[in-house]
Number of protein chains: 2
Amino acid sequence: MEKFYVGVDVGGTSIKMGMFSHTGELLEKWEIPTRVDEDEQTDRILPDIAASIEEKRAEKNGNIVGIGLGIPGPVTDDGTVLKCANIHWPVFNVKEKLFDLTGVANIRVGNDANVAALGEMWKGGGRGFDSIVMVTLGTGVGGGIVLDGKIVKGTHGAAGEIGHMSVVYDETETCNCGKKGCLEQVASATGIVKEAKKFLAADDTPSTLRNIDGFTAKDVFDEAKKGDEISLKTVNRLGEYLGIALGHIACVIDPDVFIIGGGVSKAGDFLIDTIEKYYVEKTYHQCRKTPIKLATLGNSAGIYGAAKLVIPE
Amino acid sequence: MEKFYVGVDVGGTSIKMGMFSHTGELLEKWEIPTRVDEDEQTDRILPDIAASIEEKRAEKNGNIVGIGLGIPGPVTDDGTVLKCANIHWPVFNVKEKLFDLTGVANIRVGNDANVAALGEMWKGGGRGFDSIVMVTLGTGVGGGIVLDGKIVKGTHGAAGEIGHMSVVYDETETCNCGKKGCLEQVASATGIVKEAKKFLAADDTPSTLRNIDGFTAKDVFDEAKKGDEISLKTVNRLGEYLGIALGHIACVIDPDVFIIGGGVSKAGDFLIDTIEKYYVEKTYHQCRKTPIKLATLGNSAGIYGAAKLVIPE
C-alpha cells in the first residue's frame, strides 16, 4: 500500500489539510469547517480531522504513516497544547488523543506560526535557507522562527511573537495584549487602517482614502502606490517599524533570510522595498544584506510545514 | 596519565587560561600577555598559548585531551576566524594551526561573547538553565545566546550583537558601528558617562557628579544609590532601554533567563531592579516573569565556556 503523510493546519474558522507523498509532494489539499464547541470537554475538532483523514485515506486505498498539525496556540514538544483560546481547547495532549482516534503513531504538533515558517523554508520563499524568520502580517502580526532547520519555541511558547515587540514609543492606544506600542499596532491590517485614520483625522490633507467608505489595508497600499500622501505616510510608518523590528531580530539571531507573509504581504515588492529602506538604515552592518523576501505559499504554508514535521529528510 | 582540558579566553591585552579536570572542575587558572604583532603574517598569540599549555601540562605530568578557545571576533564552525581586528588576525583556521602547535585534535573555537554565555550557563548565573541570553555591559555592550544548550552564531556571526539594536530613537550622536541609537550608546560604561554628562550640561540641577573629576560609570551608580537626581535619571534611562531590548529579545527567542555581566553589572541588584521595572512594562505577558540575573563568574566566564566547548557532558 502506498504511504502518505498528512499536514493539518487548524484555524479558527476552517481546518486546512494536505495529503503528501513520501517524497514530500502535495497530492491533494482540502478543508473542513472548524466546529468549535462551547464546552471544552466535548471537542469535535480532532474527531472531525480523524474522520476526514480516514475518508481521504480510504479513497486512495493507502496507508497514513504520519500526521503533522499546526495549531493556533503554544504547544510543548510532547504535543501538549497549553490552552488554545479561540478554538476552546483546554490543556491536553493532542498527540495522544489523535493517536487514539487514528492509530497513527507518528504525530507531531507545532504552533501554527512556527509551522508556517517551516513550510516556507521547506517549499516556499525560504527554500534553500536553513535559518529563517517569517513575519505574518494579517489581522495581527505573527512570527515563526526556524534556526538550523529547527523551530524555536521559547520557554513560554512565545518565541516569534514579534508582533508584540514594543517598538512604537509614541503609541497612545492599547494593544490587544494589554501593552502599548506593539509592532502589531502599526503593521497589522487593522493597525494600518487605524494609523491611516489617525493621519486623516489630524488635519485636512486631501486624500483619496477620504472617498473610500470603510477602506482596508489593501486600499491604503493601492492608494499609496498611486501617490496618495496620507497612504504613503501610513505605509512608510509601518515600513519604518518593521525595518526597526527586523533590525532588532538580526542583532539577536542573525538569520539567513526574512520572509514576509500574510494578507498584507499581497502589497508585494512595494512593501518589501519600503521595509528594506528602513531595515538597511537601522541594522548592524554585518546583517545589512540579509534578504527580505515575500512568502510564496500563501495560506498553504501551514499544511506544508505541518507535513514537514513528520516527513523524514 | 591524568586527562586535562584547557579553556582559553583570548583578549586584546591578556590571554586567560584554565586547566580543567575531565569532570569539569577548574584546577588552576593563569594568564599571559597578548603579544599582538603588527604584521598579520607572524602571529605570536597561538605559539604563546601552545607554549604556556605545554608548560602547565609538563608540571602536572598529564595529558591534554581538549582545548577550547574564545576569541574576540566571528568564527565559523570549523574554526576559521573571519578576521579579528584588535588582535591583528587575518582569516585563517585557528583549529588547524593550534593542532599543528600542540598535537591536540579535540579543539573548538567560539566567539568570546558566546563562549562567556556558555560558561555562565554551565557554572555561573545561568546554571540549571538550557536557553540563556547573556548581556555584557562593559566598555561596549555585547551579548551571547545559547538555545537548547547550543551557541547561536548567526549567518554573519552577528547573533547576540544586542549592543547594536537601534532602540534609542532620540540619539543624536553616532555609535562606533556607524549607526545612531544603539543600545550600547546608553548602556555601556562609556555610554553611561556620556549620558550623565549630557544631563549635567542640559541645566543647572545640582548633582554630586559635578564634584567628581572624570567620573566613571561606577560613580554614576554609586551616586544614584545615594539619591543623586542626575545619576538616577541616567540609570533609569539605561534601565529603560535595557528593559526594552530584553523585551524585544523575549519576543524573538523567549529564553529561560537573562544574565547580566560585565563591569557595569557590579552595580548589582540596584541595576537588575531598574532593568526589571522597565522589562515587565515593555514585555509580552507570557515572558514577563523570565528571570534577570547577575553573572557570577566575572572574567572567568570565558575560560569556563571555552572549556565547555570540548568537555563532554
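**View 1. Salt bridges across the interface of chain A and chain B.** In this predicted model, the rule for a salt bridge (a side-chain nitrogen of Lys or Arg within 4 Å of a carboxyl oxygen of Asp or Glu) finds zero such pairs across the interface of chain A and chain B. Polar contacts, by comparison, number 26 residue pairs across that interface, both residues being at pLDDT 80 or more; a polar contact is a pair of N or O atoms within 3.5 Å, where within protein one must be able to donate a hydrogen and the other to accept it, and residues adjacent in sequence count only if both atoms are side-chain atoms.

**View 2. The side of chain A that touches chain B.** Strand 9 (141–147), helix 7 (229–253) and helix 8 (269–282) of chain A each supply at least two residues of this side, and helix 7 of chain A gives the most, with eight residues. Helices (H or I, at least four residues) and strands (E, at least two) are DSSP runs numbered from the N terminus. The residues of this side divide into 21 nonpolar, 12 polar and 10 charged, with Ala, Val, Leu, Ile, Met, Phe, Trp, Tyr, Cys and Pro counted as nonpolar, Asp, Glu, Lys and Arg as charged, and the others, Gly among them, as polar.

**View 3. Extent of the contact between the two chains.** The contact, meaning heavy atoms within 4.5 Å, takes 43 residues from chain A and 43 residues from chain B. Because 100% of the interface residues of chain A are also interface residues in chain B, the copies meet through the same surface.

**View 4. A salt bridge and a helix cap in chain B.** The side chains of Asp43(B) and Lys97(B) meet in a salt bridge at 3.9 Å, N to O. This pair links distant parts of the chain, 54 residues apart, with Asp43(B) in the loop between strand 3 (26–33) and helix 1 (45–60) of chain B and Lys97(B) in helix 2 of chain B. At the N-terminal end of helix 2 (residues 94–102), Asn93(B) acts as the cap, with a side-chain oxygen 3.1 Å from the backbone nitrogen of Lys95(B). Gly103(B), with a positive phi near 75°, follows helix 2 of chain B.

**Conventions.** Residues are numbered from 1 along each chain as its sequence is written, and chains are lettered from A and ligands numbered from 1 in the order in which they are written. Local features need pLDDT of at least 70 and side-chain atom pairs count only at pLDDT 80 or more, while totals for chains, interfaces and linings use all residues; side-chain values use heavy atoms, with hydrogens and water left out.
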